[in-house]
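Me: I've just opened this one up and I'm new to it. Can you walk me through what the labels mean and how each is earned?

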Amino acid sequence: MPVKIRLQRHGKKGKPFYWIVAADSRAKRDGKFLEKLGTYNPNTNPATINLNIDGSVQWLNNGAQPTDTARAILSYKGVLLKHHLLGGVRKGALTEEQAEEKFNAWIAEKEAAVQAKKDGLSKADAEARAKALEAEKEVSNKRAAAALPEVEEEVVEESAPVVEEANAETAEAPEAAAEVKEEVAEPEAKVEEAAPAEEASKEKE
């Protein structure tokens, strides 16, 4: 029975989630399988992969053939490397301790690279959020600056009638003062006219 290591699709529409399984090559893609080896979630960045490394190596030793996508996943998680190292152990080129040491060193390097990628993505996300916040502040400041002149114009327009009324009152004040002076001047003229008349009557007497 030919066995393949392949992906079995799960998850909802637009957000796929895969099982990594060892299944009969004649079975349907999402049908029966012999063993579930792990999961693959491409919706995260980087993709989340949980894999039974020893079980996958055992199926490769038994002759299972991975599909192209499954092979890329197995290579990413170090399954193909461990399979290769165990082949060297069987041939006597390496000891099990040397093979395990090389595999652990490769895993540590791989995890460091993945963590560096996660840190870079989180830093880029934080920078993008900071830039978006600055852009929002600039837009709000521009809106506030654009609304400020309108308020000043309204204040000036409201104060203009008051100034005009004050100017009119100041203009009317001199006219009223002039009228008062004229009224005061008229009695004085009458008094002056009456004084010569009194002097003439005295002379006649």
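Reply: Let's start with a hairpin: β3 and β4 form one, with 6 residues between them. Keep in mind that this is a predicted model.

Me: How do you know that β3 and β4 pair?

Reply: Two strands pair if there are at least two bridges between them. Here 4 bridges join β3 to β4, and the two strands run antiparallel. One of the partnerships sets G38 against L51 in β4. Y40 stands opposite I49 in β4.

Me: What makes N41 buried or exposed?

Reply: The cut-off for buried is under 20% relative accessible area. N41 has 17%, so N41 is buried. You'll find N41 in strand β3, which covers residues 35–41. Leaving out residues up to four places away in sequence, N41 touches P16, F17, A47 and T48.

Me: Why is the link between the side chains of N41 and N43 called a polar contact?

Reply: A polar contact needs a pair of N or O atoms within 3.5 Å, one able to donate a hydrogen and the other to accept it. The side chains of N41 and N43 come in at 3.0 Å, and the pair is listed as a polar contact.

Me: What makes β3 mostly covered?

Reply: Of its 7 residues, 5 are buried. Strand β4 (residues 48–51) has two faces: I49 and L51 are on the covered one, T48 and N50 on the uncovered one.

Me: Where do β3 and β4 sit in the sheet order?

Reply: The order is β4-β3-β2-β1-β5, in an open sheet of 5 strands with mixed pairing. β4 and β5 (65–66) are the edge strands, as each pairs on one side only. Further in, 5 bridges join β2 to β3, again antiparallel, and I20 has G38 as its bridge partner in β3. β1 and β2 also run antiparallel, joined by 10 bridges. There, K4 has A23 in β2 as its bridge partner.

Me: How many aromatic pairs are there in the whole structure?

Reply: The search finds 2. One of them is Y18 with Y40, whose ring centres are 5.9 Å apart with 25 degrees between the planes.

Me: Why is the pair of Y18 and Y40 called stacked?

Reply: Centres have to lie within 6.5 Å for a pair, and planes under 30 degrees apart count as stacked. With 5.9 Å and 25 degrees, Y18 and Y40 form a stacked pair. The pair links distant parts of the chain, since Y18 is in strand β2 and Y40 in strand β3, 22 residues apart. Y40 has 18% relative accessibility, so Y40 counts as buried under the 20% cut-off.

Me: And what makes W19 and F33 edge-to-face?

Reply: The cut-off for that label is planes over 60 degrees apart. The planes of W19 and F33 stand at 90 degrees and the ring centres are 6.0 Å apart, so the pair is edge-to-face. W19 belongs to strand β2 and F33 to the loop between β2 and β3, 14 residues apart.

Me: Why are W19 and F33 called partly exposed?

Reply: Partly exposed is the range between under 20% and over 50%. W19 has 24% relative accessibility, so W19 counts as partly exposed. F33 has 33%, so the label is partly exposed for F33 too.

Me: Which residues touch the most other members of the largest nonpolar core?

Reply: They are I5, I20, L37, Y40, L51, W59 and V79, out of 24 residues in that core. At least two core residues come from each of β1, β2, β3, β4, α1, α2, α3 and α4. α1 gives the most, with 4 residues. As background, nonpolar side chains tend to be buried together in soluble globular proteins.

Me: Which residues of α1 are buried?

Reply: In α1 they are I53, G55, S56, V57, W59 and L60. At the start of α1, a side-chain oxygen of N52 reaches to within 3.5 Å of the backbone nitrogen of D54. After α1 comes G63, with a positive phi near 100 degrees.

Me: What pattern does the chain follow overall?

Reply: Along the sequence, the pattern is β-β-β-β-α-β-α-α-α, with 4 helices and 5 strands. Buried residues make up 20% of the 205 residues.

Key. Residues numbered from 1 in each chain as written. Predicted model: local features only at pLDDT ≥ 70, side-chain atom pairs only at ≥ 80, totals over all residues. Heavy atoms only, no water. Buried < 20%, exposed > 50% of the residue type's maximum accessible area, 1.4 Å probe, protein only. Contact = heavy atoms within 4.5 Å. Core = buried A, V, L, I, M, F, W, Y, C linked by side-chain atoms within 4.5 Å.
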